[in-house]
Every structure is written in structure tokens, then in C-alpha cells.
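Got your viewer ready? Load the model and follow along, one selection at a time.

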Amino acid sequence: MSSEVDSNHWWASAHFQITHPSCDLSEIAKYVRASDSVVAFAALPETKFGMNKGKFFWSSDLKVKSPVRPNELIAWAERTALENEKLLIDLVTLGSSIYVYVGIHSNVLALGFDLPQTPTLLKLGIAVGLEYFSP
């Protein structure tokens, strides 16, 4: 089987998002930084900020393809939280909401992976949502 066929088994993406109903988060874009991915197969995180659905937002997205498993995305979100912990605490204190979402898109029936430890996400009360999509 070719590596191109292997890469089509699954792909996953993580979305690390900060929202606030009234504070313009464009200023924090100067300070908060998405962690560099340690996964050799991953692209650089794509970060953006602005307004959506009446809320200011800052978000960073990272996408991986097979054979990299989704646990790498959760580990990336944990590193991002750890590297920005002080700033994230300040943002939560100001009323911001922070959420991590991992979407898994698969052409196989099952995909197993171990969930990494997430002490910083847990400490900050950041929820991690997982969603699995299969044809």
C-alpha cells in the first residue's frame, strides 16, 4: 500500500478557541501564541482573530493526517495552554470562554488512541470536545 493511500485513512483537526462577548481579543493576539507542533507530519497552526456571531474570538487550528493520531492534537492544546497559562487565567477572569474541539474524520470504522494527560487544561477548566465522523 502506498503512503498516499495510507494518509487517507483518517485526518483530524483541533480548534483552540477563546471568545469574549465584549472585549476585542485582537490585542491578545500580540501575546498569546499557539504552541509549535512537535508532530513532524503536521502543518503549522493557523491562527486568526476577529468577530463571529457577535463575539470577539481568537482561535488556532492544527490539522494532522494518518498515521498521526488525534492524541497529538490534544497534547498540542495542552502545550498551548501551558505556554500561555498566565494570560489564559487573566482572560478567564475577564469573562472569556475557552474551548478545545477535536474533530476526527475517518474512512475506517474504528480508530484507537490514548488520551494524553491535560493538567493545565483541567486546572483552567477548559473543556475538550471530541467528535468522530465516519462514512
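Here is a short tour of one buried spot, some charged pairs and a surface patch.

This is a predicted model, where local features need pLDDT of at least 70, side-chain atom pairs count only at pLDDT 80 or more, and totals for chains, interfaces and linings use all residues. Residues are numbered from 1 along each chain as its sequence is written, and side-chain values use heavy atoms, leaving out hydrogens and water.

Start with Ser60, in strand β3 (residues 55-65); strands are DSSP runs of E, at least two residues, and helices are runs of H or I, at least four. Ser60 is buried, at 0% relative accessible area (buried is under 20%, exposed over 50%, partly exposed in between, with a 1.4 Å probe and protein chains only).

Next, pick Lys48 and Asp61: they form a salt bridge, with the closest N and O atoms 3.3 Å apart (the rule is a side-chain nitrogen of Lys or Arg within 4 Å of a carboxyl oxygen of Asp or Glu). Lys48 sits in strand β2 (residues 46-52) and Asp61 in strand β3, 13 residues apart.

Now select Lys123 and Glu85, whose side chains meet in a salt bridge at 2.6 Å, N to O. Lys123 is in helix α4 (residues 119-124) and Glu85 in helix α3 (residues 85-93), so the pair ties together parts 38 residues apart in sequence. Which partner is buried and which is exposed? Lys123 is exposed at 60%, while Glu85 is buried at 16%.

Stay in helix α3 for Lys86 and Asp90, 4 residues apart, about one turn of the helix. Their side chains form a salt bridge too, at 3.1 Å, N to O.

Last stop: Leu130, in strand β5 (residues 127-133). Leu130 is partly exposed, at 44%.
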